[in-house]
Amino acid sequence: MKSRTSNYLKTIYETSYTQRWTCNKQLATMLGVLPGSVTEAVNRLISQKLVVKNKGQIKLTKRGYQLVADLMYRYRLCEIWLADNIQLSLPEVPRQAWLMSAIDSSVVMAKLNQQMAYPKTSPFGGALKLESFSKYQHPTLLSLLSIPVGKEVKIISFLETPATIHYFQHSGLHLGQVLTINSKNTVLPNITDVKDNEYLIDNSMAVYIYCELLS
């Protein structure tokens, strides 16, 4: 079973992916817990020097990030094994992979990595080996929601939760797809791909689709 610390560190990383900080409200929503529980947990992480908090912004420290890098490596390696080797339904993959990644044997993970031919990314586009902490502090990917109108982007990855996986599958989007942002409103951004296929993406999902800016 994963520890509470691991769950919080992973969630802090995920909710701060494109801006490098998160807040109590985002964590409470993602974890499905009361804000008071988040405050207590974050204070514990601060005392362990795994995160810092300033003006409501919660950020990973270098030490916290190093723990996250190990967590995400094991987690995403398990995601690949579940998706490719036993072809588990993609929306079910993240939960089972997180449970599997509680195996902390470096030997087991090394053999699994070898068996999987040393993959670079998860089925959802996330990197197995995270960048250095210095590079992490300067994000290069943007959420689809934050892309200005008229800009062209390529989809690199998306948050691996059942809700976002279901939405991504049914929207018709795919990793590596090049899109142009045509218009935006408070609910739906209107985008097209290079074949002029049009998509309307809910803002609550667009924030968790991560893109590289092309123009």
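Modeller: Helices here are DSSP runs of H or I with at least four residues, numbered from the N terminus. Asparagine 85 is in one of them, helix H4. Keep in mind that this is a predicted model.

Biologist: Fine. Why is asparagine 85 called partly exposed?

Modeller: Buried means under 20% relative accessible area and exposed means over 50%. Asparagine 85 comes out at 41%, so it counts as partly exposed.

Biologist: And what makes Gln115 and Met116 contacts of asparagine 85?

Modeller: Contact means heavy atoms within 4.5 Å. Asparagine 85 passes that with Ile80, Gln115 and Met116, once neighbours within four places in sequence are left aside. For asparagine 85 and methionine 116, 31 residues apart along the chain, the C-alpha atoms are 8.8 Å apart.

Biologist: On to serine 6 in H1. How do you know that serine 6 is buried?

Modeller: Its relative accessible area is 14%, and the cut-off is under 20%, so serine 6 is buried.

Biologist: What makes the pairing of serine 6 with serine 3 a polar contact?

Modeller: The limit for a pair of N or O atoms is 3.5 Å. The side chains of serine 6 and serine 3 meet at 3.0 Å, so the pair qualifies. Further along the chain, serine 6 touches Leu71 and Trp98.

Biologist: Trp98 belongs to H5, where the buried residues are Val93, Pro94, Ala97 and Trp98. How do you know that they sit on the same side of H5?

Modeller: They span an arc of only 125° around the axis, which puts them on the same side of H5. Helices H1, H4 and H8 are what this buried set packs against.

Biologist: What about H2, whose buried residues are Asn24, Leu27 and Ala28? Why are they said to line one face?

Modeller: Viewed down the axis of H2, they fall within an arc of 100°, so one face of the helix is what they line. It fits the general rule: an α-helix has 3.6 residues a turn, so residues three or four places apart point the same way. Lys25 and Thr29, both exposed, are on the face of H2 turned away from the buried side. The cover over the buried residues of H2 includes H1, H3, S1 and S2. Just after H2, glycine 32 has a positive phi of about 70°.

Biologist: Now glutamate 14, also in H1. Why is glutamate 14 called buried?

Modeller: Its relative accessible area is 5%, and anything under 20% is buried, so glutamate 14 qualifies. Beyond four places in sequence, its contacts are Met72, Tyr75, Leu159 and Tyr210.

Biologist: What makes glutamate 14 notable in the largest pocket?

Modeller: The lining has 31 residues, and glutamate 14 is listed with Thr11, Met30, Leu159 and Thr161 as lying nearest the centre. H1, H2, H5, H8 and H9 each give two or more residues to that lining. The pocket holds about 720 Å³ of space.

Biologist: Last one. What makes Tyr13 stand out in the largest nonpolar core?

Modeller: That core has 56 residues, and Tyr13 is among those with the most contacts inside it, along with Leu60, Leu144, Leu173 and Ile209. H4 gives the most to this core, with 11 residues. Counting partners over four places away in sequence, tyrosine 13 is in contact with Leu60, Tyr65, Val68, Met72, Arg76, Leu130 and Tyr136.

Definitions and conventions. Residues numbered from 1 in each chain as written. Predicted model: local features only at pLDDT ≥ 70, side-chain atom pairs only at ≥ 80, totals over all residues. Heavy atoms only, no water. Buried < 20%, exposed > 50% of the residue type's maximum accessible area, 1.4 Å probe, protein only. Polar contact = N/O pair within 3.5 Å; in protein donor to acceptor, adjacent residues only side chain to side chain. Arc of directions from axis to C-beta. Core = buried A, V, L, I, M, F, W, Y, C linked by side-chain atoms within 4.5 Å. 1 Å grid on protein atoms, 1.4 Å probe; cavity = no way out; pocket = protein on both sides within 12 Å on 5 of 7 lines; lining within 4 Å. Points joined across faces, edges and corners; volume = space filled by probe spheres on them.
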